[in-house]
Amino acid sequence: FSKSQKRDIEKIKNTLQDLFKKQKNYLGDINFPKKYTIILYETPSNFHQDLGALEHYSGTQGIFSEKMKDEYLSRRIKDVMSHEFLHLLTPLQLHSEYVHNFQYNNPKDMSQHLWLYEGVTEYFSDLCQVHKKIISEDNIYSSLKRKYYDSKSYKDTNPLTVKSKKVLQ
């Protein structure tokens, strides 16, 4: 959805279909849903400077700013949607009881493995994109370097397992 309707939706659709075909080919005979729905929302707000998304078993919802340039948006959509799609493996297939029996209406604690799921998903998302030539090795090294330096700004006095379990608080 976009109020401005400035984007070429067919181009975005084709980009995502190509991405998911390559990921499916990379992953092989893993049982995926027959239909996978992407809902993208473009906001005029400056608040959302980047793209964010939330996965479900049969789709992903994403939000981005209409102020993003087309080239940057295309790269971010590929990167974020690749990651969200691979959540079909973890935590949606491989997970703890906290994830399996998550109470959306009355959430308490999250799994202590949350950042493990995110890390494994990000690793395979990057690996798949390099392997299928969606991004270059130089791009992935630059991305890893940026993530490393970004991580230095986080307070790291608590283990990731504690941060994961208490993320809802």
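Select Asp-70 and Arg-7 to begin, and you will find a salt bridge between them, with the closest N and O atoms 2.5 Å apart; the term salt bridge is used here for a side-chain nitrogen of Lys or Arg within 4 Å of a carboxyl oxygen of Asp or Glu. Because Asp-70 lies in helix H2 and Arg-7 in the segment before helix H1 (9-27), the pair ties together parts that are 63 residues apart in sequence. Helices (H or I, at least four residues) and strands (E, at least two) are DSSP runs, numbered from the N terminus.

Before going on, note that this is a predicted model, in which local features need pLDDT of at least 70 and side-chain atom pairs count only at pLDDT 80 or more, while totals for chains, interfaces and linings use all residues. Residues are numbered from 1 along each chain as its sequence is written, and side-chain values use heavy atoms, with hydrogens and water left out.

Stay with the pair and ask which of its partners is buried and which is exposed. Asp-70 counts as exposed because its relative accessibility is 55%, whereas Arg-7 counts as buried at 11%. Here buried means under 20% relative accessible area, exposed means over 50%, and partly exposed lies in between (1.4 Å probe, protein chains only). Now add Glu-42 to the selection, since Arg-7, Glu-42 and Asp-70 are linked in a network of salt bridges. Side chains of opposite charge can pair when their charged atoms come close.

Next, select Arg-76 and Asp-79, which form a salt bridge with their closest N and O atoms 3.1 Å apart. Both residues lie in helix H2, 3 residues apart, which is about one turn of the helix. Arg-76 counts as buried at 15% relative accessibility, and Asp-79 counts as buried at 14%.

For another salt bridge, move to Asp-126 and Lys-147, whose side chains meet at 3.3 Å, N to O. This pair links distant parts of the chain, with Asp-126 in helix H4 and Lys-147 in helix H5 (residues 137-151), 21 residues apart. Asp-126 is buried, with a relative accessible area of 7%, while Lys-147 counts as partly exposed at 27%. By the rule given above, the count comes to 7 salt bridges.

While helix H4 is in view, select Tyr-123, Phe-124 and Leu-127, which make a nonpolar surface patch of about 280 Å². Patches are made of residues with over 30% relative accessible area and no salt bridge, where like charges are joined within 9 Å and nonpolar side chains (Val, Leu, Ile, Met, Phe, Trp, Tyr) within 5 Å; accessible areas come from the Shrake-Rupley method with a 1.4 Å probe, and for residues only the protein chains shown count as cover. Phe-124 lies in helix H4 (residues 114-131), and it counts as partly exposed because its relative accessibility is 34%.

Return to helix H2 (residues 70-86) and select Phe-85, which is found there. Phe-85 is buried, with a relative accessible area of 6%. What does Phe-85 touch, not counting residues up to four places away in sequence? Its contacts (heavy atoms within 4.5 Å) are Phe-20, Gln-23, Phe-32 and Tyr-36.

Now display the strands, where an open sheet of 3 strands has the order E1-E3-E2, with mixed pairing. The edge strands are E1 (37-43) and E2 (52-56), each of which pairs on one side only; two strands pair if DSSP finds at least two bridges between them. Strand E1 and strand E3 (residues 59-65) run parallel and are joined by 7 bridges, whereas E2 and E3 pair in the antiparallel sense over 5 bridges. To see both pairings at one residue, select Gln-61 in E3, which has Ile-39 opposite it and also Leu-54 opposite it. A hairpin joins E2 to E3 through 2 residues. Helix H2 lies across E1, E2 and E3, running at about 30° to E2, where axes are lines fitted to C-alpha atoms, for helices over the stretch in contact, and angles run from 0 to 180 degrees between N-to-C directions.

Finish with two backbone angles. Most residues other than glycine have a negative phi, and most peptide bonds are trans. Gln-5, however, has a positive phi near 50°; Gln-5 is found in the segment before H1 and is exposed, with a relative accessible area of 67%. Select Lys-133 as well, whose phi is positive and near 60°, and which has its place in the loop between H4 and H5.
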